[in-house]
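Got your viewer open? Load the model, color it by chain, and let's take a walk through it.

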Amino acid sequence: MARDSGIWQNSFIFISVDFNFSLRPKIKRQQLQQRQGTKTGKKKKMHSFGYRANALLTFAVTILALMCAIASLSDNLNTPSPSAQIEILNINWFQKQPHGNDEVSLTLNITADLQSLFTWNTKQLFIFVAAEYETPKNALNQVSLWDAIIPAKEFAKFSIHTSNKYRFIDQGHNLRSKEFNLTLHWHVMPKTGKMFANKIVMSGYRLPEDYR
Amino acid sequence: MGWIGESIESVKSMKIRDSLFQFITLGMIVSSALIIWKGLMCITGSESPVVVVLSESMEPGFQRGDILFLQMSKDPIRTGEIVVFNIQGRDIPIVHRVIEVHEQRQSGEVRILTKGDNNDVDDRMLYAQGQFWLKQEHIMGRAVGFLPYVGWATIIMTEKPIIKYILIGALGLLVITSKD
């Protein structure tokens, strides 16, 4: 993202938009003057291509912005009722790395029905499973294990077996017989407007006591 | 002769008054645009409340040319949030998703790891030399809203500055000819 020059580009866009909006009352005032008869007596090109194009553009942009806002607001009418279950099928291995951090590899069975989250304004659903636990040093640890993109409603009801896509590494060696929660998060990415996110927390999982 | 002098006087004074009026109107437009921009910065709490997506690392969710609306609150960063952050030594901010969070008990400090949705590996390669985690202070804002395609204007103006000059010229022309 162009940051420094971006500020200037953005200001420029603002200025040109602002200008377009402020030009319309000026045109009306001039039309009024024209009818009353002005002192200069010059013939002004009131119905030129430039003015018409400007008015049309301003109107089009306003309506477009309004439609995007309404589309985004319509997402609030949706009341979702998602459900999910995650089962740990197997602990593949559980080791201490050379640097001293614990690492564990799991195979999970993830079943979910997220169809009710889709609205007509939804582009895709980004879901991921994260493990949450605490350690003596850290009040909260969240490690993302797996994620997926659901592009349409038909794919939102699924059940998959998978090993963790991302490595489950602790900061330290605190994972032996650790209790942790598995959370399924989803991010609704709209076609336009506000993004929503929420999660389901499933608790009661536990890692084995010894390394294997 | 008197009335010629009078009419010339009136035309001149009107010309000065007109051009002053135009100048002030232009100044008001520029200042109101700046006010809106700074106001947005205050409301959202982010240095840059609107950013344009430049890379394809977040596809298919965010394509090049989309606009993101950012917000920054004091709430701690959690996994899954889409954040915009700066790396030392790089001037372009990056928009990626948080995949790991470790919050320290004592200091409340948060260590963050990010990854682009379309990338295969996490962002450790992108961080500065010797930096393995991001901290809350590196984050400029969280993405809360999104508008497709609108950012192309900014991208085009950055990559082909000649279009910027043409647009400025056209707008300037419109200002001058509008009162004429």
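Here is a tour of the two chains, one selection at a time.

**Before we start**

This is a predicted model, so keep the ground rules handy: local features need pLDDT of at least 70, side-chain atom pairs count only at pLDDT 80 or more, and totals for chains, interfaces and linings use all residues. Residues are numbered from 1 along each chain as its sequence is written, chains are lettered from A and ligands numbered from 1 in the order in which they are written, and side-chain values use heavy atoms, with hydrogens and water left out.

**Stop 1: all of chain A**

Select chain A and switch to a cartoon view. You should find two helices and nine strands. Helices here are DSSP runs of H or I with at least four residues, strands are runs of E with at least two, and both are numbered from the N terminus. Which order do the elements of chain A follow from the N terminus on? They go α-α-β-β-β-β-β-β-β-β-β.

Of the 212 residues in chain A, 45% are buried. Buried means under 20% relative accessible area, exposed means over 50%, and partly exposed is in between (1.4 Å probe, protein chains only). Among the contacts in chain A with a separation of 6 or more, 66% are made by residues 24 or more positions apart; a contact is a pair with heavy atoms within 4.5 Å. Show the surface and you are looking at about 11,600 Å² of accessible area, 58% of it from carbon and sulfur atoms. That area comes from the Shrake-Rupley method with a 1.4 Å probe; for residues, only the protein chains shown count as cover.

**Stop 2: residues 49-73 of chain A**

Now select 49-73 in chain A. An unreviewed UniProt entry annotates this stretch as "transmembrane region". UniProt positions are given in the numbering used here, feature names are shortened, and annotations may be inferred rather than shown by experiment. In the model, residues 49-73 are 100% helix and 0% strand, with the end C-alpha atoms 36 Å apart.

**Stop 3: three residues in chain A**

- Pick Ala84(A), which sits in strand β1 (residues 83-96). Ala84(A) counts as buried because its relative accessibility is 17%. Beyond its neighbours within four places in sequence, its contacts include Thr111(A), Leu184(A) and Met202(A).
- Next, go to Phe180(A) in strand β7. Is Phe180(A) buried or exposed? Phe180(A) is buried, because its relative accessibility is 2%. Measure along with the viewer's distance tool: the C-alpha atoms of Phe180(A) and Tyr133(A) are 4.7 Å apart, though 47 residues separate them along the chain. Tyr133(A) is one of the contacts of Phe180(A), and Ile88(A) and Gly204(A) are also among them.
- Finally, click Ser177(A), in the loop between β6 (168-169) and β7 (179-190). Its phi is near 45 degrees, a positive value in a residue other than glycine. Most residues other than glycine have a negative phi. Ser177(A) is partly exposed, at 29% relative accessible area.

**Stop 4: all of chain B**

Switch your selection to chain B. This chain has three helices and six strands, in the order α-β-β-β-β-β-β-α-α from the N terminus on. Its radius of gyration is 24 Å, well over the 16 Å that the globule rule gives for 180 residues, so chain B is more spread out than a compact globule. (The radius is taken over C-alpha atoms, and the rule is 2.2 Å times the number of residues to the power 0.38.) Turn chain B around and you can follow a C-alpha trace that spans about 90 × 35 × 30 Å along its principal axes. Buried residues make up 42% of chain B.

**Stop 5: two annotated stretches of chain B**

Select 20-37, which an unreviewed UniProt entry marks as "transmembrane region". These residues are 100% helix and 0% strand, and the end C-alpha atoms lie 26 Å apart.

Then select 39-143, where UniProt (unreviewed entry) places "domain: Peptidase S24/S26A/S26B/S26C". Here the chain is 6% helix and 32% strand, with 18 Å between the end C-alpha atoms.

**Stop 6: two backbone oddities**

Zoom in on Pro60(B), in the loop between β1 (50-52) and β2 (67-71). A cis peptide bond joins Glu59(B) to Pro60(B), with omega about -5 degrees. Most peptide bonds are trans.

Last, find Tyr149(B), in the loop between β6 (139-147) and α2 (152-159). Its phi is near 65 degrees, which is positive in a residue other than glycine. Tyr149(B) counts as exposed because its relative accessibility is 62%.
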